[in-house]
Amino acid sequence: MKRFSKNLSYRLATSPHGKLDHMYDMYLRSLHCVGCSKVEFKDDSFSRKKYLRVLELKESSVQKLPDSICQLRHLGYLKISEFTGLITLPESFGLLKNLFHIDLSGCSRLAALPESFGDLINLIHVNLSRCHGLAQLPEPLQKLGKLVHLDLSFWSCFEGIGERLGDLITLEHLNVSNPCCHLAQQRIHLQGLKDGLCKLTNLRYLNLSACLNPIFYYHQSQEDSLKFLGECVSGLSSLEHLDLSHHTFLFGLPASLGELNKLKTLNLSGCIRLKKVGEMKSLKFMNLRKCRGLESCEFVVRIVDDDDVYSSSNIVQLEEVNCQELQISCLEKVKSKEEAQRINLAEKQNLEKLKFSWTLDSVRRVEDSALLREFVPPPNLQCLEVNGYTGSNLPEYLDELTSLQELKIVHCKHLNSLPDVLQKLTSLKNLCVFDCPELEKWYEVEENKKMLAHIPNKSYEKPASTSRQVIVEDETSGNEVEAA
């Protein structure tokens, strides 16, 4: 233990020698002790440290703390973690009136919090992660009117969880991930969670990782699971970050998720049975790693940080996605060709349907034609749609899409021709063109019609705002018919 004079009292002290008491340490402001298994805690261990602001103790098997810790009236930050033998806290713990942060993570045998814990009215942050011994959400927490951050991860499913949480209306950050629910009675308690969560309208961060697995596993239908999850998040209008990772029995997402207009981050990693992810326009981060059952994904490109000119777009998050149907919209937000290269579409062998979409009349960061050339699909692609593209021609890699059966070209107003390589696509059965005036002119040339003669079904449609005309080529006769 180092000695410090009064004017050096803000320096950090560490104690590796098993002693906390020292005659010259009364002016210490911060004390950090890791590996407290060798530390001897005496009744007066903290009596001479009355000016401490920060106290961090880690790893010990002691069953109780000395009462003198309650004399640290200036203490603001307290971390007592991995005290695996600790059963209770001193009854006078509530005397620590200036405490705003307490971390009791890993105190697995802690059975209860003292009643005076509710007197810690300045507490903002409480970490009770891995405190398995707590049989209920401590009533003193209900008195903490300033509580913003609560971590209950790896907790025991206790009775009344929904009611208790619903009273903590000041919460902005809540972690209830990975609950210990091995008994049928505990699963019943967990079902009450939705009744409390929906009341926490100030929540900005919610971690439900693996939380609802015990419920989803026993649900009779996928619809029941969707309804339950929807009721959990319904009304959380302030939510910005949501972690639903490792829900192995989650097959879909509720429509109410799309109504969370402030949601920026959604973690779905490890949801191995998730089949579809719909469009959520406010999202900037979406983690879809190890979602190996994913069939359909609607992805909206966003700039990660609008205030940073060097910030990339979020499209690189598609690098881990390998689904059957993929729609990518707002491609005007992609900031470089390198971002497009990183998602490596050609390696996504599950991909059968692909849609590229740009917002009409939007400012581009990368020229559309240069960007589309980097999005090389896998050769087994069956359906391709290009929407809002401003280039004058399509990339030459189309001749590699030998399995292509359907090609849609929509709102591509500057596209003035189709590549000759389309003649090689003998599997192509449907060609749909909508609102592409230059392309329609190109098709009127007889030679171009012959180039596309092998495609049985072709349609050319103008938007409703102009004189509506749909030209459909009859598959049997080969004659063009004007549809009503």
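Select histidine 125 to begin, and you will find this residue in strand β6, which covers residues 125-127 of what is a predicted model. Histidine 125 is buried, because its relative accessible area is 18% and the cut-off for buried is under 20%. To see what surrounds histidine 125, display Phe100, His101, Ile102, Leu147 and His149, which are in contact with histidine 125 when its neighbours within four places in sequence are left aside.

**From His101 to strand β4**

Keep His101 on the screen, since histidine 101 in β5 stands opposite tyrosine 77. Strand β5 comprises residues 101-103, and it runs parallel to β4, to which it is joined by 3 bridges. Now colour strand β4, residues 77-83, where 5 of the 7 residues are buried, so that the strand is largely enclosed by the rest of the structure. Then add strand β3, residues 54-60, which pairs with β4 in the parallel sense over 6 bridges. A good place to look at this pairing is valine 54, whose bridge partner in β4 is tyrosine 77.

Before leaving β4, select glutamate 82, which is found in this strand. The phi angle of glutamate 82 is near 60 degrees, a positive value in a residue other than glycine. Is glutamate 82 buried, partly exposed or exposed? With a relative accessible area of 25%, glutamate 82 is partly exposed, because that category lies between the 20% and 50% cut-offs.

**Lysine 290**

Move next to lysine 290, whose phi is also near 60 degrees, again a positive value in a residue other than glycine. Lysine 290 is found in the loop between β13 (285-287) and β14 (296-300), and at 68% relative accessibility it counts as exposed.

**The aromatic cluster**

Now show the aromatic side chains, among which the structure holds 7 pairs. One of these pairs is formed by tyrosine 217 and phenylalanine 249, which meet edge-to-face, with 5.0 Å from centre to centre and 65 degrees between the planes. Tyrosine 217 lies in helix α4 (residues 213-218), whereas phenylalanine 249 lies in the loop between β10 (241-243) and β11 (265-267), so the pair ties together parts that are 32 residues apart in sequence. Add Tyr218 to the selection, and you will have the cluster that ring pairs form from Tyr217, Tyr218 and Phe249. Phenylalanine 249 counts as partly exposed, at 25% relative accessibility.

Stay in the loop between β10 and β11 and select glycine 252, which is found there. At 12% relative accessibility, glycine 252 counts as buried. Leaving aside its neighbours within four places in sequence, glycine 252 is in contact with Leu226 and Leu274. If you draw a distance from the C-alpha atom of glycine 252 to that of proline 138, which is 114 residues away along the chain, the separation is 34 Å.

**Helix α5**

Select residues 222-233, which make up helix α5. This helix has 12 residues and reaches 17 Å from its first C-alpha to its last, close to the 16 Å expected at 1.5 Å a residue. Which residues of α5 are buried? They are Ser225, Phe228, Leu229, Gly230, Cys232 and Val233, and what covers them includes α2 (184-191), α3 (193-197), α4 and β10. Just after α5, look for glycine 235, which takes a positive phi of about 90 degrees.

**Strand β17**

Turn now to strand β17, residues 383-387, where 5 of the 5 residues are buried, so the strand is largely enclosed by the rest of the structure. In a regular strand the side chains alternate between the two faces of the sheet. In β17 both faces are covered, with Cys383, Glu385 and Asn387 buried on one side and Leu384 and Val386 buried on the other. Add strand β16, residues 353-357, which runs parallel to β17 and is joined to it by 5 bridges; one place to find this pairing is phenylalanine 356, whose bridge partner in β17 is valine 386.

**The whole protein**

Finally, zoom out until the whole protein is in view, with its 9 helices and 22 strands. The radius of gyration is 31 Å, well over the 23 Å that the globule rule gives for 484 residues, so the protein is more spread out than a compact globule. Along its principal axes the C-alpha trace spans about 100 × 55 × 35 Å. Buried residues make up 50% of the 484 residues, while the exposed surface is about 22,800 Å², of which carbon and sulfur atoms supply 47%.

Note on methods. Residues are numbered from 1 along each chain as its sequence is written. This is a predicted model: local features need pLDDT of at least 70, side-chain atom pairs count only at pLDDT 80 or more; totals for chains, interfaces and linings use all residues. Side-chain values use heavy atoms; hydrogens and water are left out. Helices (H or I, at least four residues) and strands (E, at least two) are DSSP runs, numbered from the N terminus. Buried means under 20% relative accessible area, exposed over 50%, partly exposed in between (1.4 Å probe, protein chains only). Contact means heavy atoms within 4.5 Å. Rings of Phe, Tyr and Trp (its six-membered ring) pair if their centres lie within 6.5 Å; planes under 30 degrees apart count as stacked, over 60 as edge-to-face and the rest as tilted. Two strands pair if DSSP finds at least two bridges between them. The expected span of a helix is 1.5 Å times one less than its number of residues. The radius of gyration is taken over C-alpha atoms; the globule rule is 2.2 Å times the number of residues to the power 0.38. Accessible areas come from the Shrake-Rupley method with a 1.4 Å probe; for residues, only the protein chains shown count as cover.
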